[in-house]
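Here is a set of questions and answers for a first-year student, each asking what stands behind a term used in describing a protein model. Please look at the sequence and the structure before reading on.

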Amino acid sequence: MRTMTGQPAATGSEDQRGAAAARPGAAPSRTLLPGQPGRPDVFTFGETMVALRSSGPLKLGGTMNVSIAGAESNVAIGLARLGHDVRWAGAVGEDEAGQLVLRTLRAESVGVSGASADSGAPTGLLLFEPRLPEVTRVHYYRAGSAGSRIGAEVIQRAFSAAPPRVLHLTGITPALSPTARAASRRALQLAREFGSLVCLDVNFRARLWTAEAAAEVLRKWIPFVDVLIASDDELPLCLPGGGGGEGSPGEAEGVGGGTGAERADGGLRAEGVGAGMGAEGADGGLARGGSEQGEDAAADARARGDAVPLPPQEVTGGPAATVARQAGLLLDQGVGEVVVKLGAEGATAFTHGGSLHQPAKPVRAVDAVGAGDAFVAGYLSALLDGEGTAGRLERAVTTGAFAVASPGDWEGAPNRSELGMLGAPPGTVVR
């Protein structure tokens, strides 16, 4: 398989996966299980809603585009388009809206055999209202919805029927209800029992719960997590005791106010060019066992795709140093790798081998909503393919850029043959 630019698309192999797992900084703390018939690559669940997108201010009326949206299903679609076997097990109402959700996911090759229908609750709804070229307001109608009532028994059945190589969770689902929180806890336990890697995207939503409530739950999850993905201002939610320097959730709306995260009003997602990716300077790394390495060693590590240990003088102060310290605390808690999204400036991955930064892909921003989910899909896709840290970040910022350059939550997600299109010069026509 080749991309438009003639470069081979990454496909991975079992040998490559084994090699990746053996390299420091190239894989999570637990080994990624090999692919097996009947064992999906990724299992995820959460609330997927009917999404209505207005052409202007809602109070003025007008036409609306009908689609679906949900953080976990956005990731599932992104992974399926890249050729991975993905299962989604959310709950929908026994209504036409629920049928739209399931029909759309099936059409995108996402397995929904584990999904459930709730006769006593409707499918959730959200409205997207563009207010400025780079500012979208989101209105949720999800209280008491079917998706918020998903229970642990549904996840038990779906997970056990086809244990995945990777479990993907977000911080949205546990915020929906006590039953959804219990379902998430059960999924973490099942992942441990079946040897599945766990990826957690913090995805803090201030309209759903407070920073304090989120921190109380997420900190208990950290020992189960292999890959933690968060924006820089979400990291304090996961830190033991809220430590790690400035930006802790005890400060006034200290989470969700920075680049790459939903704002404190829960509605604005104006991340701009390269949304959902990370930041320059946050690769002021961990210097964890790597401060003695010289430039040649760092160059060799980059060539292998490993995380690059950086000298300690580069992390002595400033926001980058805070992020590095916080990532270090999370690694000490047992997380295999911490991936920090920093909006238009790219992303940085921290592992026990050091850190590696990837700049964002420059694109013309059309719609920043869904960029973080696309980033996660790209990162997990490359992880499943056996790519090292550099390859995972590269694919993540690429899929994130596709999302930014396209309207909708998931509609612009690329397939493998399209990954090379961002390198094409302006005006290119693909024939």
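Q: Why does cysteine 199 count as buried?
A: In this predicted model, cysteine 199 has a relative accessibility of 1%. Buried means under 20% relative accessible area, so at 1% cysteine 199 counts as buried.

Q: What makes cysteine 238 buried or exposed?
A: The relative accessible area of cysteine 238 is 2%. Because the word buried is used under 20% and exposed over 50%, cysteine 238 is buried.

Q: How many disulfides does the structure hold, and what would make a pair of cysteines count as one?
A: A disulfide needs a pair of cysteine sulfur atoms within 2.5 Å, and the structure holds zero disulfides.

Q: What part of the chain counts as buried?
A: Of the 431 residues of the chain, 57% count as buried. The chain has eleven helices and 14 strands, and among its contacts between residues at least 6 apart in sequence, 75% join residues at least 24 apart.

Q: Why are helix H2 and helix H10 called oblique to each other?
A: The axes of H2 (residues 71-81) and H10 (residues 371-384) come within 8 Å and cross at roughly 45°. Angles under 35 degrees would count as roughly parallel and 65 to 115 as roughly perpendicular; an angle of roughly 45° fits neither range, and H2 and H10 are therefore oblique. H2 passes H10 in a right-handed crossing, and the contact is made by residues including Ala71, Val75 and Leu79 of H2 and Val376, Leu380 and Leu384 of H10.

Q: What makes H10 and helix H11 roughly antiparallel?
A: The axes of H10 and H11 (residues 389-404) come within 7 Å and cross at roughly 150°. Since angles over 145 degrees count as roughly antiparallel, the term therefore applies to H10 and H11. This crossing, in which H10 passes H11, is right-handed, and among the residues that meet are Phe375, Gly378 and Tyr379 in H10 and Leu393, Ala396 and Gly400 in H11.

Q: Why are strand S3 and strand S8 said to stand at the edges of their sheet?
A: Four strands form an open sheet in the order S3-S2-S7-S8, with mixed pairing. S3 (64-69) and S8 (135-141) each have a single partner strand, so one side of each is left without a neighbour in the sheet. In this sheet the twist averages 25° from one strand to the next.

Q: How do you know that strand S7 and S8 pair?
A: Two strands pair if at least two bridges are found between them, and S7 (residues 125-132) and S8 are joined in the antiparallel sense over seven bridges, so the condition is met. Leucine 125 stands opposite tyrosine 141 in S8. Elsewhere, helix H3 (residues 96-107) lies across strand S2 (49-54) and S3, running at about 65° to S3.

Q: Which strands are the edge strands of the sheet of eight strands?
A: This open sheet has the order S4-S1-S9-S10-S11-S12-S13-S14, with mixed pairing. Strand S4 (86-88) and strand S14 (354-358) are the edge strands, as each pairs on one side only. The twist averages 15° from one strand to the next.

Q: What makes strand S1 and strand S9 a pair?
A: S1 (residues 42-44) and S9 (residues 166-170) run in the parallel sense over three bridges; at least two are needed, so they count as paired. The bridge partner of valine 42 in S9 is valine 166.

Conventions: Residues numbered from 1 in each chain as written. Predicted model: local features only at pLDDT ≥ 70, side-chain atom pairs only at ≥ 80, totals over all residues. Heavy atoms only, no water. Axes fitted to C-alpha atoms, helices over the stretch in contact; angles between N-to-C directions. Buried < 20%, exposed > 50% of the residue type's maximum accessible area, 1.4 Å probe, protein only. Left-handed = near helix turned anticlockwise from the far one by under 90°. Contact = heavy atoms within 4.5 Å.
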